[in-house]
Amino acid sequence: MAQFKLQNVEDFYEIGEILGSGHFGQVRELRERVSGVSWAGKFVKLRRSVSSRLGLERKTVEREVEILQALQHNNIMALKDVFESRAEVVLVVELICGGELFDFIAEKENLMENDAIEFLKQILKGVAFMHNKHIAHFDLKPENIMLSDKKAEHPEIKIIDFGLAQRLTTGEEYRSLCGTPQYIGPEVINYEPLSTASDMWSIGVITYILLSGMSPFQGDSDEETLRNIVDMKYEFEDQYFSQTSDMAKDFIEKLLIKDPSERMTAEECLLHPWIKPLTRKQAAN
Ligand SMILES: COc1cc(-c2ccc3ncc(-c4cccc([C@@H](O)NCCN(C)C)c4)n3n2)ccc1O
């Protein structure tokens, strides 16, 4: 069983404002007492009894911590410390000040292709790094992709929220119905074995949104969205894609493929001509 620090987190950090909350718990700003440096603290309530539905099981938190400890990459939020008390675990991670990619897109409606490519390159580098360690995120979406500083000319991408992430073992099947309807692949809905390819479907959906501001499968309800996914019901409507290059559409089409084994991997995406032009002429387009 992993051992976290048993000291009181407040002995080392001044607890600041709530930055956000969700299924994962609460995220608050922390100020390290010795250095004055600001961090983010994810406060997770622990389940008090086997019968309780409140809070997370300790082994779930242990899995997230073990995964974060294995993922040290510029495009993945860094874990600094872990404290635990009887009822709570606090993950101390780097503070990310640029907000969510989701909000950045909303402010711009959609992005120029070159801006989208720069964001995608960073997302793909972080995802390729975790996939090379046989770790899948399983909840990639614009809300879980944050920007270091949205005012920077080239904001750095940080992938957050590894609460659903799994270390996949060859020969061992992993199935789950978890995730966010708009971004999950058909294999999740059909309760089929999952792999890193499920993250690649999500990247196809994210790319579609980056370029159009629209979500490819979203319906008027979760049920309709899920039906659109299993029916592969999406299109590049002229109203939103008339200015989008064929290469960008090809990139999306090579990810939104029903058979997970047919989708591009993150490494293959980084070599796709839309992301890595083969010639100067291509780059000029
Ligand atoms: C360690 O696990 C997480 C960390 C974070 C995290 C890490 C650093 C950091 N710096 C700033 C923030 C932040 C600022 C405003 C809102 C939020 C959060 O509520 N929304 C993030 C996306 N959401 C859908 C998980 C998070 N964060 N959030 C978010 C979710 C996690 O499961």
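**Close-ups of the ligand site and a strand-to-strand salt bridge**

**View 1. Polar contacts around the ligand.** In this predicted model, an N or O atom in the side chain of Glu-100 sits 3.0 Å from a nitrogen atom of the ligand. The backbone joins in too: a ligand nitrogen atom lies 2.9 Å from a backbone N or O atom of Ile-96. Over at Ser-21, a backbone N or O atom is 3.4 Å from an oxygen atom of the ligand. How much of the ligand's accessible area does the protein cover? Of the 630 Å² that the ligand has on its own, 89% is covered by the protein.

**View 2. The pocket and its shell.** The ligand takes up the space of the largest pocket. Around the ligand we count 19 residues, and the closest are Gly-20, Lys-42, Ile-96, Glu-143 and Asp-161. Sorted by class, the shell is made of ten nonpolar, six charged and three polar residues.

**View 3. Strands that line up to the ligand shell.** Which strands each supply at least two residues of the shell? They are E1 (13-22), E3 (38-45) and E5 (88-94). Strand E1 gives the most, with three residues.

**View 4. A salt bridge from E3 to E5.** Here the side chains of Lys-45 and Glu-88 pair up in a salt bridge, with N to O at 3.3 Å. Lys-45 belongs to strand E3 and Glu-88 to strand E5, so this pair ties together parts that are 43 residues apart in sequence. Both of these strands also turn up in the ligand shell, with at least two residues each. As for the whole structure, it holds 18 salt bridges.

Technical notes:
Residues are numbered from 1 along each chain as its sequence is written. This is a predicted model: local features need pLDDT of at least 70, side-chain atom pairs count only at pLDDT 80 or more; totals for chains, interfaces and linings use all residues. Side-chain values use heavy atoms; hydrogens and water are left out. A residue is near a molecule or strand if one of its heavy atoms lies within 4 Å of it. A polar contact is a pair of N or O atoms within 3.5 Å; within protein, one must be able to donate a hydrogen and the other to accept it, and residues adjacent in sequence count only if both atoms are side-chain atoms. Accessible areas come from the Shrake-Rupley method with a 1.4 Å probe; for residues, only the protein chains shown count as cover. On a 1 Å grid over the protein atoms alone, a cavity is a set of points where a 1.4 Å probe fits but cannot get out, and a pocket is an open set with protein on both sides within 12 Å along at least five of seven lines; lining residues have an atom within 4 Å of a point. A molecule sits in a cavity or pocket if more than half of its atoms lie within 2 Å of its grid points. Helices (H or I, at least four residues) and strands (E, at least two) are DSSP runs, numbered from the N terminus. Ala, Val, Leu, Ile, Met, Phe, Trp, Tyr, Cys and Pro count as nonpolar, Asp, Glu, Lys and Arg as charged, and the others, Gly among them, as polar. A salt bridge is a side-chain nitrogen of Lys or Arg within 4 Å of a carboxyl oxygen of Asp or Glu.
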